Amino acid sequence: MDNSKTIIRAGVDIGGTFTDVALECGAHLYTAKVLTDYTQPERAIVAGLQAAAREAGIAMADIGTIIHGTTLATNALIERRGARTAFVTSTGFRDVIEMRTEGRFEQYDLGIELPPPLIARQDRFTVAGRLDANGDELAPLSMTDVDAVIEQLRDGRFESVAIGLMHAYRNGAHERAVRERIAQALPDLSISLSCEVSPQIREFERFNTVCANAYVKPLMSSYLNRLSGALAEAGMTCPLYLIHSGGGLISLGSASAFPVRLLESGPAGGAIYASDVAARYGEENVVSFDMGGTTAKICLIEHHTPKTARVFEVARTYRFKKGSGMPISIPVIEMVEIGAGGGSIAHVDNLRQVRVGPESAASEPGPACYGRGGQRPTVTDADLLLGKLDPERFAGGSMRLDRNASVAAMAHDVAGPLGGDAVQGAYAVAEVVDENMANAARMHAVENGRDLAQYTMIAYGGAAPLHAVRLCEKLGIRRLLVPAGAGVGSAIGFLRAPFSYESLRSAVMRLGEFQPATVNALLDEMETEVSAFLRDAGHDGDVVHELRAYMRYAGQGWEIPIDVAAQRFDATSPAMLRERFVAAYVALFGHEVDGLDVEVVSWSLSLRTPMPAVVAAPAPTASTASTASGTAKAQVEPLSWRDVFDAKSGRPHRCAIHSRDTLPHGVAIDGPLIVVERETSTYVSPDYRVTRQQDDCLLVECREGAPTGALHAVREIEVEGAVK
């Protein structure tokens, strides 16, 4: 193909099991999926790019831009394999990251387990000096204390240091002075400041975030340097951008300085991908479902925009329990994530109940059926035993699955202890993991006051299309979209992301004492900061401003986000802010509170490059609505047939196997059937039907009269104790 005038871009997503590549050459998209290399992740990236380039018929040097997202920083935090890190804080606040907020997420659990602090007590040091809540100096910084800390840092052979002083979110002068002194004495030490990483109120979250940044900074800097070198060695000298957890692109330098911003980069790409699909199909209320090899992610997308948050948690010690993990205070696309992927390991606990995840077989050794040394049963093994996967054509035929290994693993760890056979064990595993994901989706929806029965699901990721219809059945969702390229959805989402960055600053101010000049000066500082990040990424053109105030009634413990048109504030602004806050508060809680002043706690300013106009998906052809299911089946000859176990009916069905590429457009075909493609497969149960749209997206809809949701009883598995 002639690429002389074609801008070629590549999106690369490193997951816990697979590394996904999406290569966009004009209107053509080429994809690749390779096993993640844990020793040197950059090798899998180069291998995936080479595979996609071969398919596209281009040279590696023809690639003009690479956009990368990764879970490596997240995994380093969870597995506690970051740099040897010290923490420097104000006198009297050494133990904040260990005491946390003293909140109990499980009130009656006497053996409650909190995640240990990221930095041990002996590696936390204090210096005298104090600012008040307005950022004014109460006591000068003690340089004698700083010099003493420097000697301890030198003796301890630390690689990185986090600096978090009280009220530095209002005034970072003391933190910068400490950095300057340490950098002069120890120039090779990596240093992170809380006033730069997360200038927000609440010291526990701020301290924990700067510690996390310092903890992964040397690791991520080393990795990004190796990646840049590996790409150049393979012939790619194009710009490399990273996607941050808020869903925008930043430069390599910014990512190296603030790697904590990359913690949710992969899932953020998936949410952008689903938002783009929702916009093309005019879907206003969407729940995205991303299931890969290690985790599953669920996100609410309304009006084509994913929900966002300022704080999220990693490494939760209790599944689904908010407050049981490490809080990271950065802008992030809000989603619920659980350890439920294709590689999630199943076992039977002491109560003779089947448990799945969060431990994963990952890519090394992988599920038992991979034949790479794995001995324990996983969700992928269960899908294979239930007939949902073809052992001869997995991953487009690049990998042959070993069914006998799955039988042996399932029989030993699940079915055997419960007195059943391997297929019954696989049924139990599949139902447990699907119910875990459905339960997470229900809780996420309830917390946001939403009814998922009114939503459309968009499924992507290597494993999601296999499980999506079952989730729809459990959640009462009647409409599902599986876009083209769904198996590498996050990587495609990277290609849809704008250049953007968000600045968050805390400055508590009651509306009754509102100071427009102070707020305007703060917003000017924020715009200067964000503009510098965009220029560093190579963009200096038009941008879209998005301003948000986080507000609450005075005396309340938490705040809600209020969108505000970017503007200069004046004496009339408090009335406008109060009006918008009350409207949002009533919409969320159903009433307002009389007699209380309102205060702004924090401001958020986001700048992003303008997004291209959304091209609506082509309308379905007339035959979609008019073709009877029997006629459609007669017109469409499947590739093959095989028995597939259906969880809702509790028995196997003779299932037609179709290729997405050969399905006719606009023809509705009743399940049960499986639509196969190279990176994934979509299972359509007997109660649903599928129609290939003009843009190759699969529209899966519940057939009229078919029951869905909680009112439909789930058939109990005939294995004692498997599911209760």
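Pro-672 sits in the loop that links β29 (668-670) to β30 (673-676). In this predicted model, the peptide bond between Gly-671 and Pro-672 is cis, with omega at about 10°. If you are new to this structure, that loop is a good place to start looking at the backbone.

Two further backbone spots deserve a visit. The first to find is His-167, in the loop between β9 (160-164) and α5 (173-185). Its phi is near 60°, a positive value in a residue other than glycine. His-167 is also buried, because its relative accessibility is 15% and the cut-off for buried is under 20%. Then move along to Arg-202, which you will find in the loop between α6 (194-197) and α7. Arg-202 is not a glycine either, and its phi is positive, near 85°.

From Arg-202, let the chain carry you into the helix named at the end of that loop. Helix α7 covers residues 203-233, and it packs against helix α1, residues 41-56. The angle between the two is about 35°, and their axes are 9 Å apart. Their crossing is right-handed. Which residues of α1 and α7 meet? On the α1 side they are Pro-41, Glu-42, Ile-45, Val-46 and Leu-49, while α7 brings Tyr-223, Arg-226, Leu-227, Ala-230 and Leu-231. Sorted by class, this contact holds eight nonpolar residues and two charged ones, with no polar residues.

Now step back along the chain from α1 into the loop before it. Asp-37 is placed there, between β3 (28-35) and α1. Is Asp-37 buried or exposed? It is buried, because its relative accessible area is 14%, where buried means under 20%. The side chain of Asp-37 has polar partners: it reaches the backbone nitrogen of Gln-40 at 3.0 Å, and it makes a polar contact with the side chain of Arg-43 at 2.8 Å. Setting aside neighbours within four places in sequence, Asp-37 is in contact with Arg-43, Ala-44 and Glu-364.

Return to α1 and pick out Leu-49, one of the α1 residues that meet α7. Leaving out neighbours within four places in sequence, Leu-49 is in contact with Ala-10, Val-12, Val-21, Met-60, Ile-63, Ile-66, Leu-231 and Met-236. Leu-49 also takes us into the largest nonpolar core, which has 188 residues. Along with Phe-289 and Trp-603, Leu-49 is among the residues with the most contacts inside that core. Helix α7 gives the most to this core, with 14 residues. Another core lies apart from it, made of 21 residues, including Ala-86, Ile-150, Ile-182 and Leu-186.

One more stop shows how the fold brings distant parts of the sequence together. Ala-491 lies in helix α14 (residues 489-494). Ala-491 and Ala-22 are 469 residues apart in sequence, but their C-alpha atoms are 5.6 Å apart in space. Beyond its neighbours up to four places away in sequence, Ala-491 touches Gly-11, Val-12, Asp-13, Asp-20, Val-21 and Ala-22. Two of these names may be familiar, as Val-12 and Val-21 are also in contact with Leu-49. Ala-491 counts as buried because its relative accessibility is 0%.

How values were computed: Residues are numbered from 1 along each chain as its sequence is written. This is a predicted model: local features need pLDDT of at least 70, side-chain atom pairs count only at pLDDT 80 or more; totals for chains, interfaces and linings use all residues. Side-chain values use heavy atoms; hydrogens and water are left out. Axes are lines fitted to C-alpha atoms, for helices over the stretch in contact, and angles run from 0 to 180 degrees between N-to-C directions. Helices (H or I, at least four residues) and strands (E, at least two) are DSSP runs, numbered from the N terminus. A crossing is left-handed if the near helix is turned anticlockwise from the far one by less than a right angle, and right-handed if clockwise. Contact means heavy atoms within 4.5 Å. Ala, Val, Leu, Ile, Met, Phe, Trp, Tyr, Cys and Pro count as nonpolar, Asp, Glu, Lys and Arg as charged, and the others, Gly among them, as polar. Buried means under 20% relative accessible area, exposed over 50%, partly exposed in between (1.4 Å probe, protein chains only). A polar contact is a pair of N or O atoms within 3.5 Å; within protein, one must be able to donate a hydrogen and the other to accept it, and residues adjacent in sequence count only if both atoms are side-chain atoms. A nonpolar core is a set of buried Ala, Val, Leu, Ile, Met, Phe, Trp, Tyr and Cys residues joined through side-chain atoms within 4.5 Å.
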